[in-house]
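Please open the structure in your viewer and keep the selection tool at hand, since this tour moves from one residue to the next.

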Amino acid sequence: MIIDPRNSNPIYRQIVEQTRDAIDAGVYRVGEALPSQRALAIEIRVNPNTIQKAYDELERLGVVEARRGLGVFVRDRKSNAARGKTEKLMDAAFRDGIVEGLANDVSPTRIRELFESSMNSSLSKARKRQ
Amino acid sequence: MSRPKLAVDIRGLMKRFGRSTAVDTVGLSIRPGSTLGLLGPNGAGKSTTLRMLMGMLRPTAGSINVLGRDLATEAAQIKQRVGYVPDANYAYRWMTVERVIRFCRPMYRHWNDDRCAELLDMFQLSANKKIGSLSKGMLAKLSLLLALSHEPDLLVLDEPLSGLDPIARDDFIEGVMRGICSGTQTILFSSHQLDEVSKLADDVAIMNHGRVLIHRPLDELLSSFKRVRAVLQDGRLPAVIPKGTIWQSVNRREWALTVQDVDDTLIDQLKSENSVDSIEVAELSLDELFRDFIRGDETPDDQRHEKAQCEAAEC
């Protein structure tokens, strides 16, 4: 990890970004612990409170999970981060459809009906494929 | 003794040498277990402040409280709990490393031989080397070893990194990091190595011409001051400089200012009071913010506007 103090990106955010990159690259795998706050502080010569702030942020983002007295562990990202991203995309697509409908005087009840029917047809198609 | 609220509490500190004022009503406070970086250009009064804190120089006025004790009356007790790494070179040039350690050891009640041996090993200092033959990096490490071996509650470092090569600097910082990581040692270090300060300090204080310009938690400082860049309309100059501006300059049509507490209201106000086309807000690193504080302090308030006009007129 290389910290650039002259970058206007705050140091804790640099740690967050580089830790995420390291997880993506497979340096730390799911279920493994990140270096302890103290060990990382000494390694990169950064105040341990800053490391704590970065680890708190990683936990808030759902990338890691802190287990009291044991350390900070990498979470299964398919079950959180990746899903979060997918859900965001879905939400945006639904919104587009709803906005389009409302703009063309389609009633909310009819919009719900259409949602249910496209959901049903998608599910039956998926079943047939299996 | 119960733990004091502040490890260091300096109020109204003054030092005059003849007619010149080296330290001018300085106030500084450090929470126990935290690290304060004292910044400032050469001659800002950092070393004089630290020397008064160490009881080596008598203040002209003001009070210094260290670890809950008044320095004016309890200097001897305080000295037992404080480690100091001065910026000046080592005096005992004829002694060996081992001799210096044996010489300093009896001065402290809490000297820890294991800690001392550990540091000796970590810093790869040879016990039988003469002080006079040590490199600058080695001398700095020996000085830190002597300051840390009695496990002080407060560690004071005066420009500890200046003149050290990158490897010696890393070793030195690693020695200091152990104290920072313990969470119980309070550290005060003066420096103009801003990269190191921004990595190590919890709080920073910026001094210039003997005065403290600002004293804040580092993350708060970096999040509250922003650089605003506005493009001035043809032939126009800034009319109203926002409150909280610490530095500004006009270059062609670009008006750059560093301002405290930038939010939408401030930007709207800036737009309504000045003839500007566009406005951009950017974050600053400690390095840039430090320069702005010093440059801004060098320009007196009443001249700021005139100066901006002159610079604009030149182009």
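Begin by selecting D287(B), which is buried at a relative accessible area of 10%, where buried means under 20% relative accessible area, exposed means over 50% and partly exposed lies in between, all with a 1.4 Å probe and protein chains only. This is a predicted model, in which local features need pLDDT of at least 70 and side-chain atom pairs count only at pLDDT 80 or more, while totals for chains, interfaces and linings use all residues. Residues are numbered from 1 along each chain as its sequence is written, chains are lettered from A and ligands numbered from 1 in the order in which they are written, and side-chain values use heavy atoms, with hydrogens and water left out.

Next, add R291(B), which is partly exposed at 43% relative accessibility and forms a salt bridge with D287(B), the closest N and O atoms being 3.0 Å apart; a salt bridge here is a side-chain nitrogen of Lys or Arg within 4 Å of a carboxyl oxygen of Asp or Glu. Both residues belong to helix α10 (residues 286-298) of chain B, and because they are four residues apart there, about one helical turn separates them; helices (H or I, at least four residues) and strands (E, at least two) are DSSP runs, numbered from the N terminus.

Now extend the selection to R6(A) and D195(B), which are linked with D287(B) and R291(B) in a network of salt bridges.

Then move to R67(A) and E65(A), whose salt bridge has its closest N and O atoms 3.7 Å apart; R67(A) is partly exposed at 34%, and E65(A) is partly exposed at 34%.

Over all chains, the count comes to 27 salt bridges.
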